[in-house]
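Me: Please take a close look at one part of this chain, the loop that comes ahead of the annotated membrane segments, and then follow the chain onward from there.

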Amino acid sequence: MKFLKGTKLYSIFTGTCPVCQEESMYKEKNPFKLSKVYEMHEHCSHCGTKYKIEPSFFYGAMYVSYAVGVAFAVASFIIAHYFLGGGLLTSFFAIVGTLIIFMPIIMRLSRNIWINFFLNYDKDAVAKAKRQNQDL
């Protein structure tokens, strides 16, 4: 994944800070620890970026979550129905199972995509943050 560093895809797939891409936004790296799936750091410790830009910022990720869930459902239908030769009922259960199993990943991917709509990579972000802290 290092070859993607500096792109939004890197931040989306790794869950790192969208500005400096040096630190994970999440306190717990494993999304399958369901009690901690939404726990995020307040700020990036490298560049100081505030993740929750405004109150209820991540409510917008619900709309992204819908699209990501549909993509997972379509992929599971195609695999179950066309590649594995299952019937419609089998494909339905494959879709439901896929959405249940991948729910934590879909939630985090949605948050990562949503925040990357608003924040951009800045290769000098860490240096700028250090300079601002020295000026204070």
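Reply: Gln21 is a good place to begin: this residue is buried, with a relative accessible area of 2%. The model is a predicted one, and every value below is computed from it. Gln21 sits in the loop that runs between α1 (8-14) and α2 (61-83). Its phi is near 60 degrees, which is a positive value in a residue other than glycine.

Ser56 belongs to the loop between α1 and α2 as well. Here too phi is near 60 degrees, again positive in a residue that is not glycine. In accessibility, Ser56 is partly exposed, at a relative accessible area of 39%, whereas Gln21 is buried at 2%.

The cysteines come next. Searching the whole structure gives 0 disulfides. Cys20 is therefore not part of one, and the nearest cysteine sulfur, belonging to Cys44, is 3.5 Å away, while a disulfide would need the two sulfur atoms within 2.5 Å. Cys20 is buried, with a relative accessible area of 4%. Cys47 is likewise in no disulfide; for this residue the nearest cysteine sulfur is that of Cys17, at 3.7 Å, which again does not meet the cut-off of 2.5 Å. Cys47 is also buried, its relative accessible area being 11%.

Past the loop, the unreviewed UniProt entry annotates residues 57-82 and 88-107 as "transmembrane region". In the model, residues 57-82 are 85% helix and 0% strand. The C-alpha atoms at the two ends of that stretch are 39 Å apart. Residues 88-107 are 95% helix and 0% strand, with end C-alpha atoms 27 Å apart.

Two helices remain to be described, α3 (residues 88-101) and α4 (residues 103-118), whose axes come within 4 Å and cross at roughly 60 degrees. That crossing makes α3 oblique to α4. On the α3 side the contact is made by Leu99, Ile100 and Ile101, and on the α4 side by Met103, Pro104 and Ile106. Sorted by class, the contact between α3 and α4 has 6 nonpolar residues, with no polar and no charged ones.

To return to the part you asked about: the loop between α1 and α2 holds Gln21 and Ser56. Gln21 is buried and Ser56 partly exposed, and phi is positive in Gln21 and in Ser56.

Definitions and conventions:
Residues are numbered from 1 along each chain as its sequence is written. This is a predicted model: local features need pLDDT of at least 70, side-chain atom pairs count only at pLDDT 80 or more; totals for chains, interfaces and linings use all residues. Side-chain values use heavy atoms; hydrogens and water are left out. UniProt positions are given in the numbering used here, feature names are shortened, and annotations may be inferred rather than shown by experiment. Axes are lines fitted to C-alpha atoms, for helices over the stretch in contact, and angles run from 0 to 180 degrees between N-to-C directions. Angles under 35 degrees count as roughly parallel, over 145 as roughly antiparallel, 65 to 115 as roughly perpendicular and the rest as oblique. Contact means heavy atoms within 4.5 Å. Ala, Val, Leu, Ile, Met, Phe, Trp, Tyr, Cys and Pro count as nonpolar, Asp, Glu, Lys and Arg as charged, and the others, Gly among them, as polar. Buried means under 20% relative accessible area, exposed over 50%, partly exposed in between (1.4 Å probe, protein chains only).
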